[in-house]
Amino acid sequence: MNLESLHRPYPPPTSAWAGHMVWNELLFAHWVVPAETLRRVLPASVPLDTFEGRAYLGIVPFHMTDVRPRGMPALPWLSAFPEVNVRTYVTMQDRPGVYFFSLDVSSLAAVAGARAVYFLPYFLAGMSVSREADWIYYTSRRSAWHGSPAHLICRYRPVGEVFHPRPGTLEHWLTERYCLYTVDSRDQVFRAEIHHDPWPLQPAEAAFFRNTMAGPLGIELPEQPDLLHYAHRLEVVAWLPGRVGGDGDGGNR
């Protein structure tokens, strides 16, 4: 990975990034959800983004490796763990980004660190990831004492060739976003910039045996998503968050 920005809608920050990670064996599962349903559960200060009038809710299971602060080595007991996030898409000040409703991980240290530094709604969960032939089997059950119940049991696999989504396509709109937005306890909006190479997507298939990840939002999803994509591996760097409209303008630039 390099910090060239030709594939991005705007350049990455010029300051030093703060954290490094590798995302592995991701499934992008997306459902079309009425825009008003998502607006009701988004903070009022974070405007929903839509594609051709449609809003999307994504559930993304994967596992992380080489999670570490800049200049530090990866530690085996802290730097690798599964994650599943529930997300939608927003844009502020012409910067398209991701808004996370929840992020479940199996690492208590990751929960504590991400909540404190990034103001993100991380939850502790019991999780497992395994392989059988070319299928990835994924299970996550949120700890009973750590938030509303949320449970995912699924399997998925890639079923086609790697492609890089073209600008203007739905796949590009869903995935090529280089920041996240979050809101702190005082309802101030923060933006954290990230950087990576263009997404190497593949068509995917999946079976969902249990999926209540959107239940805490009051949303019951159909069994099968409207869109499925897979990505095998992506190296990512991230900057610390900055307040949107405040010093640093959400990018620490």
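Visitor: Which residue lies over the face of Trp-17?
Guide: Keep in mind that this is a predicted model. Look at the ring of Trp-17 and go 4.5 Å from its centre. The residue you meet over the face there is Arg-70.

Visitor: And over the ring of Tyr-10, which residue has its charged end there?
Guide: Here the distance to look for is 4.7 Å from the ring centre of Tyr-10. A charge counts as over a ring if it is within 6 Å of the centre and within 35 degrees of the ring normal. The charged end sitting there belongs to Arg-95.

Visitor: Which residues are linked with Arg-95 in a network of salt bridges?
Guide: Apart from sitting over the ring of Tyr-10, Arg-95 takes part in a network of salt bridges. Its partners in that network are Arg-191 and Glu-193.

Visitor: How many aromatic pairs are there?
Guide: Rings of Phe, Tyr and Trp pair if their centres lie within 6.5 Å. By this rule, the count is 10.

Visitor: What kind of aromatic pair do Trp-23 and Trp-199 form?
Guide: Their centres are 5.9 Å apart, and there is an angle of 20° between the planes. Planes under 30 degrees apart count as stacked. So with 20° between its planes, this pair is stacked.

Visitor: How many residues apart in sequence are the parts that this pair ties together?
Guide: Trp-23 lies in strand β1, residues 19–33. Trp-199 lies in the loop between β9 and β10. The stacked pair therefore ties together parts whose separation in sequence is 176 residues.

Visitor: Are Trp-23 and Trp-199 buried or exposed? And which cluster do ring pairs link them into?
Guide: Both Trp-23 and Trp-199 are buried. Ring pairs link them with two Phe residues, giving a cluster of Trp-23, Trp-199, Phe-28 and Phe-62.

Visitor: How many salt bridges does the structure hold?
Guide: Side chains of opposite charge can pair when their charged atoms come close. A pair counts here with a side-chain nitrogen of Lys or Arg within 4 Å of a carboxyl oxygen of Asp or Glu. The number of salt bridges is 9.

Visitor: Which residue forms a salt bridge with Glu-25?
Guide: The closest N and O atoms of this pair are 2.6 Å apart. Glu-25 is in strand β1 and its partner is in strand β5, so the bridge ties together parts that are 106 residues apart in sequence. The partner is Arg-131.

Visitor: Why does Glu-25 count as buried, and what is Arg-131?
Guide: Buried means under 20% relative accessible area, and exposed means over 50%. Glu-25 has 11%, so Glu-25 is buried. Arg-131 has 44%, which makes Arg-131 partly exposed.

Visitor: What else is Glu-25 in contact with, leaving aside its neighbours within four places in sequence?
Guide: Besides its bridge to Arg-131, Glu-25 touches several other residues. Among them are Pro-61, Phe-62, His-63, Tyr-156 and Tyr-230.

Visitor: Why are Arg-39 and Glu-36 separated by about one helical turn?
Guide: The side chains of these two meet in a salt bridge, 2.7 Å from N to O. Arg-39 is partly exposed at 40%, and Glu-36 is partly exposed at 46%. They are separated by about one turn because, in helix α1, they are apart by 3 residues.

Visitor: Which residue forms a salt bridge with Asp-49?
Guide: The closest N and O atoms are 3.1 Å apart. Asp-49 is in the loop between α1 and β2 and its partner in the loop between α3 and β8, so the pair ties together parts 128 residues apart in sequence. Asp-49 is buried at 15%, and the partner is buried at 3%. That partner is Arg-177.

Visitor: Where is His-229, and is this residue buried or exposed?
Guide: His-229 has its place in strand β11, residues 227–238. Its contacts include Leu-26, Phe-28 and Glu-171. With a relative accessibility of 8%, His-229 is buried.

Visitor: Which residues form a nonpolar patch on the surface?
Guide: Together they have about 320 Å² of accessible area. One of them, in the loop between β2 and β3, is partly exposed at 35%. The patch is formed by Leu-75, Trp-77 and Leu-78.

Terms used
Residues are numbered from 1 along each chain as its sequence is written. This is a predicted model: local features need pLDDT of at least 70, side-chain atom pairs count only at pLDDT 80 or more; totals for chains, interfaces and linings use all residues. Side-chain values use heavy atoms; hydrogens and water are left out. Rings of Phe, Tyr and Trp (its six-membered ring) pair if their centres lie within 6.5 Å; planes under 30 degrees apart count as stacked, over 60 as edge-to-face and the rest as tilted. Helices (H or I, at least four residues) and strands (E, at least two) are DSSP runs, numbered from the N terminus. Buried means under 20% relative accessible area, exposed over 50%, partly exposed in between (1.4 Å probe, protein chains only). Contact means heavy atoms within 4.5 Å. Patches are made of residues with over 30% relative accessible area and no salt bridge: like charges are joined within 9 Å, nonpolar side chains (Val, Leu, Ile, Met, Phe, Trp, Tyr) within 5 Å. Accessible areas come from the Shrake-Rupley method with a 1.4 Å probe; for residues, only the protein chains shown count as cover.
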